[in-house]
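Reader: I should be grateful for a close look at one part of this structure and at its surroundings. Please explain each term as you introduce it.

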Amino acid sequence: MRGVLARAGRAAERSGRAAEEVRVVAIGKTKPVSLLRQLYDAGHRCFGENYVQEFITKAPQLPEDIRWHFVGHLQSNKVKSLVDLQDIRNCLLNIHTFNAAVPNLDMVEGVGNEKIANHLDRAVVSLGREPLKVMVQVNTSGEESKSGIDPSRCVELAKHVKLACPNLIFSGLMTIGMKDYSSTPVNFKTLVNCKLEVCKALGIPTEQFELSMGMSGDFEQAIELGSTNVRVGSTIFGPREYPNQKQNQ
């Protein structure tokens with residue numbers, strides 16, 4: 001972890017920013033709670049997960065001062081067990097359970113459509129919790145397999161979250177990147193352009209706007225191009241192991 005933080009800090013400095021201006025979210029996908037606890041004991045406090053069931057199982061077993069990020073997977077084609085857009089009551093119930101299970105959920109990356117934003121907004125109200133920070137997910141690669149709003153519509157969705165969802169805090173934009181989970185400079189630059197458009201349309205100072213882009217393979221490049229939030233998993237915890245992969249070996 002120290003190596004990742006050092007690399008992120010140097011990349012921030014190359015972009016004219018202080019190391020503290022870039023957040024490193026340690027993604028624990030498929031990793032045991034004991035491994036996350038080791039990183040916590042070493043002083044890290046910002047963690048993230050990608051799978052709903054894994055998230056709500058792990059989080060209660062770890063200290064309450066962790067700042068949890070839930071990354072992606074709030075789209076119906078990614079986690080149908082969490083959000084079923086064909087059944088509004090189911091959707092509200094599942095998101096309510098998700099919020100209730102992780103009271104120290106700090107941010108959701110990312111909201112890909114208005115329905116998800118509305119359901120999250122209602123869930124926050126029903127729980128009586130503090131407003132929840134969210135990022136709008138943008139599909140910068142144009143891949144049909146990727147969730148997120150088209151760049152041409154990012155202002156529209158950002159405006160909806162900021163103005164029509166009083167229990168959500170619109171914090172910025174995020175992107176997942178290409179199929180191999182790495183992004184090209186074009187993807188990153190597309191998100192930067194979206195940021196400029198949203199800031200202009202909503203009157204948000206650019207220095208108060210977050211960009212979540214960059215993972216294990218390209219987080220330094222992402223930071224150099226303006227990312228304030230990078231999601232790093234395998235570089236910190238080692239290669240991921242998936243049960244179905246073990247079965248196929």
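Author: Two residues are in contact, or touch, when heavy atoms lie within 4.5 Å of each other. The model is predicted, so to speak of local features a pLDDT of at least 70 is needed and side-chain atom pairs count only at pLDDT 80 or more, while totals for chains, interfaces and linings use all residues. Residues are numbered from 1 along each chain as its sequence is written, and side-chain values use heavy atoms, with hydrogens and water left out.

I begin with H69, which belongs to strand β3, residues 67-71; strands (E, at least two residues) and helices (H or I, at least four) are DSSP runs numbered from the N terminus. H69 counts as buried because its relative accessibility is 0%, buried being under 20% relative accessible area, exposed over 50% and partly exposed in between, with a 1.4 Å probe and protein chains only. Leaving aside residues up to four places away in sequence, H69 touches R23, V25, C46, F47, G48, E49, F55, D106, M107, E109 and N229. With E109, H69 shares a side-chain polar contact of 2.6 Å. A polar contact is a pair of N or O atoms within 3.5 Å; within protein, one must be able to donate a hydrogen and the other to accept it, and residues adjacent in sequence count only if both atoms are side-chain atoms.

R23, M107 and N229, which are among the residues touched by H69, are also touched by E210. E210 lies in strand β7, residues 210-212, and is buried because its relative accessibility is 16%. Its side chain makes a polar contact of 2.9 Å with the side chain of R23. Beyond four places in sequence, the residues that E210 touches also include M135, S171, G172, L173 and T228.

T228 leads on to G214, since the two are 14 residues apart along the chain and their C-alpha atoms are separated by 9.5 Å. G214 is found in the loop between β7 and α8, the latter spanning 219-224. With a relative accessible area of 5%, G214 is buried as well. Not counting residues up to four places away in sequence, G214 touches F188, F219, A222, V230 and R231.

In summary, H69 in β3 and E210 in β7 each touch R23, M107 and N229.
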